[in-house]
Amino acid sequence: MLLAVVSSAANNFSNALFVGLWESNTDFFRTSVPGAKIAFKISGGTLSVDMEGSSYWQVIVDGKATQKILISDRKSYNIVENLPAGNYLVELVHCSESLPGESKIYGLKLSKGFSFEPLKPSSRKIEFIGDSYTVGYGVEAPNPETGTVEETTNTTKSYAYIVASKLKADYRISAFSGRGLVHNYAGIEPNWHIPELLEYTVPGMASASKGGEKRDFSAWQPSVVVVFVGINDFQGEGPKASEDAFIKAYRDLLAKYRKTSPGVKFLLVATKVYPEDLLIPAVAKVFLAEKNAGFKDIEMEIVYSENTALHGHPNERSQQDMAQKLLPKIARLGGFLSR
């Protein structure tokens, strides 16, 4: 599992910075989670990456989004082309979701006469645990009916990515559309809820029954974990999650992170779920139970969104508004306010 600066002579990634959950071996790096990123510092030229996997990737150059690339069969994809001599930060971000599935990166090439410079990981670490709201599902759709999930999802426009970028933090976006803590939307994939998916470095492979390495939670320890789960537990067809089971699973998740990341702080996030609005009261009970148990490492925030994007998901403005509301609390919890 790759955590920061990686070195692989065979793949020429010695000066790349990997952010998010990645699995590595001698031949390739692979990921399935939204927001997984590779960053390069280059002096110009054309940068191409040898990769495969049905997914979309957002290219960002010096903080500005450029092209969005659809990756499919294995080949060399030009990420940037003919940049004049200078100093550029190029980021390649997995902006769709591979669940099930994976994306593989085998190697890269920079045009002759240009060079890579080393990048250092941030000391700030945030993990976002969530569902489709955190993925940025359908965020680019102009209305609930136009476009496909693959084309309109863009995790770089989710509140999680926006917050991490503004705070200059390394991050993991452990988010899974349609999944809940104890109940998935409409009962889909009943053996693969969020706690089970979190156990794997490449959850898209695990959920496809193709195995994969178990995640080492202690190897990358976040300062803050933002938990925005439960929408799928309490909406959709069929029976909803029982509140007691939801609260137990939620508290078990917090306990796991306290054990593997000593000193971690939590921000619990909830929103109104139509039509019964069961999520906010359930998360409030989790928060109260944690406080009554003596924990002082936890805060709660309620957010609201205008769900006019694909399939009734938050639009771009709402994702930005959620980021703006959550950022100060995340910064305070992580001690990120002072530089």
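This passage describes one open sheet and a set of salt bridges in a predicted model.

The sheet is open and is built from five strands, which follow one another in the order β2-β3-β10-β5-β8 with antiparallel pairing. Strands β2 (23–24) and β8 (75–83) stand at its edges, and because each has a single partner strand, one side of each is left without a neighbour in the sheet. Within this arrangement, β3 (residues 29–31) runs antiparallel to β10 (residues 103–110) and is joined to that strand by three bridges, with F29 standing opposite I105 in β10.

Salt bridges number 20 in the structure. One of them pairs E127 with R215, whose closest N and O atoms are 2.8 Å apart; this pair links distant parts of the chain, since E127 belongs to strand β12 (residues 125–130) whereas R215 lies in the loop between α5 (203–207) and β14 (224–228), 88 residues apart. Both E127 and R215 are buried.

A salt bridge is also formed between E243 and K285, with the closest N and O atoms 2.7 Å apart. Because E243 lies in helix α6 (residues 243–260) and K285 in helix α7 (residues 279–292), the pair ties together parts that are 42 residues apart in sequence. E243 is partly exposed, at a relative accessible area of 29%, and K285 is likewise partly exposed, at 43%.

In the salt bridge between K325 and E301, the closest N and O atoms are 3.6 Å apart. K325 is located in helix α8 (residues 316–334) and E301 in strand β16 (residues 298–303), so that parts 24 residues apart in sequence are tied together. K325 is partly exposed, with a relative accessible area of 39%, whereas E301, at 14%, counts as buried. Both residues belong to a network of salt bridges that links E299, E301, K325, K329 and R332.

How values were computed: Residues numbered from 1 in each chain as written. Predicted model: local features only at pLDDT ≥ 70, side-chain atom pairs only at ≥ 80, totals over all residues. Heavy atoms only, no water. Pairing = 2+ DSSP bridges. Helix = DSSP H or I, 4+ residues; strand = E, 2+ residues; numbered from the N terminus. Salt bridge = Lys/Arg side-chain N within 4 Å of Asp/Glu carboxyl O. Buried < 20%, exposed > 50% of the residue type's maximum accessible area, 1.4 Å probe, protein only.
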